[in-house]
Amino acid sequence: MWRYLLKRVLLAIPVLLGVSIVVFAMVRFIPGDPAQIMAGQAATQEVVEQIRESLGLDQPILVQYAYFLRNALTGDLGRSLFSGVPVSEELGQRFPRTVRLALASIFVAALIGIPAGILSATRHLSWVDSIVMILALAGVSIPVFWLGLNLILVFSVRLHWMPAFGYETWRHLVLPSITLGTASAAIIARMTRSAMLEVLRQDYVRTARAKGLAERVVVNHHALRNALIPVVTVVGLQLGALLSGAVLTETVFSWPGIGKLLVDSVLARDYPIIQGAVLLIAATFVFLNVVVDATYAMLDPRIRYE
Amino acid sequence: MSRRLALVIVAAFVAAVLVLPATGAPATPQAGGTLIIGRGADSVTLSPYASASPDAEVIAHIAETLYQLTPEGRIVPLLAEAMPTLSPDARTMTIRLRTGIRFHDGTPFDAAAVKWNFDFILNPDNRAPFRAILLGEVASVDAVDARTVRLNLRRPFVPLLAHLTHDFLAIHSPTAVQRAGGMRPPTGEPYGRQPVGTGPYRFREWVRGDRIVLERNPDYWGPRKPLLDQIVWRVIPDDGARVLALEGGQIHVAVRVPPRETTRLALNQALRIDRTSSVRTIYIAFNNQKPPFNDVRVRQAFNYAVNKRAIAQTVLGGAARVSDAPISPGIVGYSGIQAGGYPYDVNRARQLLAEAGHGGGVNVTILHPTGRYVQDAQVAAAVQAQLRAAGINARLQTMEWAAYLSFTNQPPDRTPVESFMLGWGTVTGDADYGLYSLFHSSQWAPAGFNRFFYRNPQVDSLLDQARAMTDAARRAATYREAMEIIWRDAPWLFLHSESQVTGVRREVQDLLVHPTERIVAFHAWLRR
């Protein structure tokens, strides 16, 4: 098991290297010049050239990449072209906020999604099943913007229960995590339902029932644990998506996390921040995949990584 | 008995307390409280390396300039004691400074500090982004004595006085800059995160992407003391969320309220909507060297074919002023050339097109940004629809902003651009910046901002002359003459200047929305 995990972690190195090459090349090939943006639309060509030179953007791209790689290996991801703040400092501030939001959201999503899926599967083709699946369909279809703004309208503007923006306390976390968790809850519910349905048709479940076990015991102990493997995969992937794709929620709730940072940086062509943020997100995905794999082994004794 | 008396007194007291605030008595400014301003974007730097209005509006509260531009477009002394004196050849400008003023760090404000600030910006190695635009004609700066500064100019350059009102030329404490570890290009780090000036508010805290907090400067030198305990700028990027935070009372001021929200917000008794026209002019520029726009009749036809008033009223919800000149009111040197702009006259447009040989219609491509200016894509769509009536078939093309800036900034022999929408903020408050940078033929892209390759020797000569005119009336007349020619030549489709639509809660008093796109809270206070 440990050897397997070590191998997986080592395999992450070429993955991250590949990601860095792709991102490095991509941001430089899209049109738009950071020096021009930084200088403002009114700047003279001379000023733009000076800025480009001071940022090292006049160097050949391979030279730029070599510098980037050398510095990255020593933990130096460079400085933001715009704010001049070290990339590691900026990411170090932003990422924990996004992690907090993503964890709260996935918690909300699992708390709603898994029981809803189980309920739906055990009442297969009943009206309960239909309602849960309709709600799930609505959950994935509702635009995040619409949901977020309406939650603010009701719980913040009308009822004054929750703050409309900010990220300092747990109260700030409630509305954004519901907003962000809703779509994931729907996806998890659907996945739990179909996994449960499959397991509930298995022979050992019939055996368990034939033994005269209570339906609750059959569902919770015999069926659920076996149905959890695909659910864990989905939860893991959803968490990865939430960590990188919370842009809209972060925008609506003025949550200064990494998604908003990444979008702003792309618009401003802030190359070092884009590179750093994408690398961090890629590393997070790799890490989550390892965690998910390790969880399989815990859930299913038949899975061994030797 | 005594108990009853006590009750009566208490009741009278309560009644008085309840009634007093409701009487709407003349507002006596009250000290205290925190003003929270919600805006869409954070500042980048609070140093002389600033380059945009989110920077400028915060700097203005911390560090002051030698002169100040009033919202009416008048220049008045601020850190200077009086208006400057110009030598007869207009090559040196001498400025007397106020005395007894100290920076927030306790060090004195004097001529040496002013010289240090200007020298820093003038030094090309420091790469201050606005050096060329604001101080380009200044050769050197002398501190004549502790309270007198002399600016030596390369050639007469009258707009300099207006430039001295610009927040990017605010005077920072030289000692504080050194203590912070200096200022490095491109953004003046590390000092740019902890500015120290002479202004009514002191810097306290900046959480990037989230908020900037200033606190009252209890030792402020000016006659009107600051009243608020704190001013906080919060970043709320989403327009809708910003408006909701205003309605919910979590912020006092929301900048850039979308036009579609204003009707609804006007019904809210707790708020008022402030519409202040800005010095930003929106236009569609024609490539003046390229057919069909190298023919003045075609350019004029486009101006006649578009109903600017209708666009301002409907698409922009009234939050715009139809352009009547190439620059907007509130700028030194502005005068209206044609009231209401080019009249909306489709027949005249058709006739001009026919004269130019385009009787059978004409095809053009208009580039426009999305989300950069108020309703920019919608304005472009409205223009397209109206042009159709005059037989003009316009194809719209959009591009993300960073790419857009580069794409429209190509030299004349290489550019594929036929026409494009842009805005120009004459933020120095002087016509020179709005006219010279755009219409002088020495400013053709990519070296300058004449991205539409307009050239008229007469205009060039007038703009050159005006730079050296010390007589304000003659200067204004010269600009008027230049603008009349530009208006006739129609290098642009003149559209409108944007209004800044700001939502303000009723308890906020004496808040100013400045035409230079800044919220000014120097004298603001909260009624409680």
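Tutor: Helices are DSSP runs of H or I with at least four residues, and strands are runs of E with at least two, each numbered from the N terminus. This is a predicted model, in which local features need pLDDT of at least 70 and side-chain atom pairs count only at pLDDT 80 or more, whereas totals for chains, interfaces and linings use all residues. Residues are numbered from 1 along each chain as its sequence is written, chains are lettered from A and ligands numbered from 1 in the order in which they are written, and side-chain values use heavy atoms, with hydrogens and water left out.

Student: How far apart along the helix are B:Arg480 and B:Glu484?

Tutor: Side chains of opposite charge can pair when their charged atoms come close. B:Arg480 and B:Glu484 meet in a salt bridge at 3.2 Å, N to O (a side-chain nitrogen of Lys or Arg within 4 Å of a carboxyl oxygen of Asp or Glu). Because they are four residues apart in helix 16 (residues 472-489) of chain B, about one helical turn separates them. B:Arg480 is partly exposed at 29% relative accessible area, and B:Glu484 is partly exposed at 32% (buried is under 20%, exposed over 50%, partly exposed in between, with a 1.4 Å probe and protein chains only). Elsewhere, salt bridges with shared partners join A:Glu168, B:Glu205, B:Asp210, B:Arg211 and B:Arg234 into one network.

Student: How many salt bridges are there over all chains, and which parts of the chain does the pair B:Arg264 and B:Glu247 link?

Tutor: The structure holds 34 over all chains. In one of them, B:Arg264 pairs with B:Glu247, the closest N and O atoms being 3.0 Å apart. This pair links distant parts of the chain, since B:Arg264 belongs to helix 8 (residues 259-266) of chain B and B:Glu247 to helix 7 (residues 239-247) of chain B, 17 residues apart. B:Arg264 is partly exposed at 40% relative accessibility, whereas B:Glu247 is buried at 16%.

Student: What describes a pair of aromatic rings, and how many such pairs are counted over all chains?

Tutor: A pair of aromatic rings is described by the distance of the centres and the angle of the planes. The count over all chains comes to 25 (rings of Phe, Tyr and Trp, the last by its six-membered ring, pair if their centres lie within 6.5 Å; planes under 30 degrees apart count as stacked, over 60 as edge-to-face and the rest as tilted). B:Tyr49 and B:Phe120 form an edge-to-face pair, at 6.0 Å centre to centre with 80° between the planes. B:Tyr49 lies in the loop between strand 1 (34-39) and helix 2 (53-62) of chain B, and B:Phe120 in helix 3 (residues 111-122) of chain B, so the pair ties together parts that are 71 residues apart in sequence. B:Tyr49 is buried, with a relative accessible area of 2%, and B:Phe120 is buried at 12%.

Student: Is the pair B:Trp492 and B:Phe494 buried or exposed, and which cluster do these rings join?

Tutor: B:Trp492 and B:Phe494 are both buried. Ring pairs link them into a cluster whose members include B:Tyr283, B:Tyr304 and B:Trp487.

Student: Where does B:Arg208 lie relative to B:Trp206?

Tutor: B:Arg208 lies over the face of B:Trp206, at 4.3 Å from the ring centre (NZ of Lys or CZ of Arg must be within 6 Å of the ring centre and within 35 degrees of the ring normal). B:Arg455 lies over the face of B:Trp444 in turn, at 4.5 Å from the ring centre.
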